[in-house]
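Dear colleague,

I am passing on the structure we spoke about, and I would be glad if you could read the notes below beside it.

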Amino acid sequence: MSDFTTTDGTRIHYKDWGSGRPVVFSHGWPLNSDAWDGQLRLVAENGFRAVAHDRRGHGRSDQPWQGNDMDTYADDLAQLIDHLGLDDVILVGHSTGGGEVARYIGRHGTARVAKAVLLGAVPPQMLRTDSNPEGLPIEVFDGIREGVRSDRSAFYQALSESFYGADRPGSTVSQGARDAFWLMSMQAGLKAAYDCVAQFSETDFTQDLERFGDVPTLIAHGDDDQIVPIADSAHKAARIVPKATLKVYPNAPHGLTGAFEEAFNADLLDFIKQ
């Protein structure tokens, strides 16, 4: 595990496992690169170079006051790719990380990108607006901000339930997985976690998705995702991205667990090997 420093002086922590064609993972809110450990190991064991960073303000990266916005997240990802000299990259983003991948392509183009994977991703936009009437009302995100501000520890414990679908009949998610979610969440700085809510909810990624061009893109989503509802995310994104393949997992939640994780892992490996 290593670090690099961005142009604004922020130290970004990252993992770099294996060798071969690079697969670069962007994590969801308010987690860190540890959320991808299973997939990092999977692709590294199958002849790929697995890279994942802790977004600024999260995990083991610095917690600057400034830069907790989607443009800067995308620029940090670009600087990581530059720092490691990566080309022919496969970008993989979950949830907010999917927004980060989309904004990277929107700002930095596709010259270094071979493929993309958006898992449970927030694009094109989560917030209900006049142009996005199917979105979630602002009160939902105000509630998240209040939970983070007032008692984030209790809020993250409660959030892990819907994140993994533990509130659904027949759920097999372990308490350990929910505890790990809480632990990673508590490693995110309060300022960064609070600021990021607006970024994953209010950002309109439509133009970013249109710029994917001829990049083959796997859009994967559980149809029982309680965090990022599929109708206003994956279904719309798949109609915007020019070369998208939509994969829907029946009864699957937002977070990877159990049979959902096994199925996604198989699809991820198949997609990156093509």
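**Gly255 and its surroundings**

Apart from residues within four places in sequence, Gly255 is in contact with Phe163, Tyr164 and Phe260. Please bear in mind throughout that this is a predicted model. Gly255 belongs to the loop between S8 and helix H9 (258–273), and its relative accessible area of 1% is under the 20% limit, so this glycine counts as buried. Along the chain Gly255 and Gly120 are 135 residues apart, yet their C-alpha atoms are separated by 8.1 Å.

**The sheet**

The strands come next, since several of the later points refer to them. Eight strands make up an open sheet of mixed pairing, and their order across it is S1-S2-S4-S3-S5-S6-S7-S8. Strand S1 (2–5) and strand S8 (244–249) are the edge strands, and because each has a single partner strand, one side of each has no neighbour in the sheet. On average, and with direction ignored, neighbouring strands are turned by 20 degrees against each other.

At the S1 edge, four bridges connect S1 with strand S2 (residues 11–17), and the two strands run antiparallel; within this pair, Phe4 stands opposite Ile12 in S2. The hairpin that S1 and S2 form has five residues between the strands, and Gly9 in this hairpin takes a positive phi near 85 degrees. S2 also pairs with S4, again over four bridges and in the antiparallel sense, with Ala50 in S4 as the bridge partner of Trp17.

**Helix H3 against the sheet**

Helix H3 (residues 96–108) packs on this sheet, where it touches strand S3 (21–26), strand S4 (48–53), strand S5 (89–94) and strand S6 (113–119), and its direction makes about 140 degrees with that of S5. The end C-alpha atoms of H3 are 18 Å apart, which agrees with the 18 Å that its 13 residues should span at 1.5 Å a residue. Eleven of these 13 residues are buried, so H3 is largely enclosed by the rest of the structure; among the buried ones are Gly97, Gly98, Gly99, Glu100 and Tyr104.

Both ends of the helix adjoin a residue with positive phi: Ser95, in the loop between S5 and H3, has a phi of about 60 degrees although it is not a glycine, while Gly109, just after H3, has a phi of about 80 degrees. Ser95 has a relative accessibility of 6% and therefore counts as buried.

**His53 and Glu100**

Which residue of H3 does the side chain of His53 reach through a polar contact? The partner is Glu100, whose side chain makes this contact with the side chain of His53 at 3.3 Å. His53 is placed in strand S4 and, at 3% relative accessibility, counts as buried. Besides Glu100, and not counting residues up to four places away in sequence, the residues that His53 touches include Ile12, His13 and Tyr14, as well as Phe25, Leu77 and Leu80.

**Nonpolar cores**

The largest nonpolar core has 55 residues, and those with the most contacts inside it are Trp29, Leu91, Tyr104, Ile144, Phe200 and Phe212. Helix H2 (residues 70–84) supplies the largest share of this core, namely eight residues. With neighbours within four places in sequence left aside, Tyr104 is in contact with Ala74, Leu77, Ala78, Ile81, Leu91, Gly109, Arg112 and Val113. There is also a second, separate core of 24 residues, which includes Trp36, Val92, Val117 and Leu119.

**Backbone details to look at**

Two cis peptide bonds deserve a look when you go through the loops. One joins Trp29 and Pro30, with omega about -5 degrees, and Pro30 is found in the loop between S3 and helix H1 (37–45). The other leads from Pro123 to Pro124, with omega near 5 degrees, and Pro124 has its place in the loop between S6 and helix H4 (138–163).

Lastly, Asp88 has a positive phi, near 55 degrees, in a residue other than glycine. Asp88 is situated in the loop between H2 and S5 and, at 40% relative accessibility, counts as partly exposed.

With best wishes

Note on methods:
Residues are numbered from 1 along each chain as its sequence is written. This is a predicted model: local features need pLDDT of at least 70, side-chain atom pairs count only at pLDDT 80 or more; totals for chains, interfaces and linings use all residues. Side-chain values use heavy atoms; hydrogens and water are left out. Two strands pair if DSSP finds at least two bridges between them. Axes are lines fitted to C-alpha atoms, for helices over the stretch in contact, and angles run from 0 to 180 degrees between N-to-C directions. Contact means heavy atoms within 4.5 Å. The expected span of a helix is 1.5 Å times one less than its number of residues. Buried means under 20% relative accessible area, exposed over 50%, partly exposed in between (1.4 Å probe, protein chains only). A polar contact is a pair of N or O atoms within 3.5 Å; within protein, one must be able to donate a hydrogen and the other to accept it, and residues adjacent in sequence count only if both atoms are side-chain atoms. A nonpolar core is a set of buried Ala, Val, Leu, Ile, Met, Phe, Trp, Tyr and Cys residues joined through side-chain atoms within 4.5 Å.
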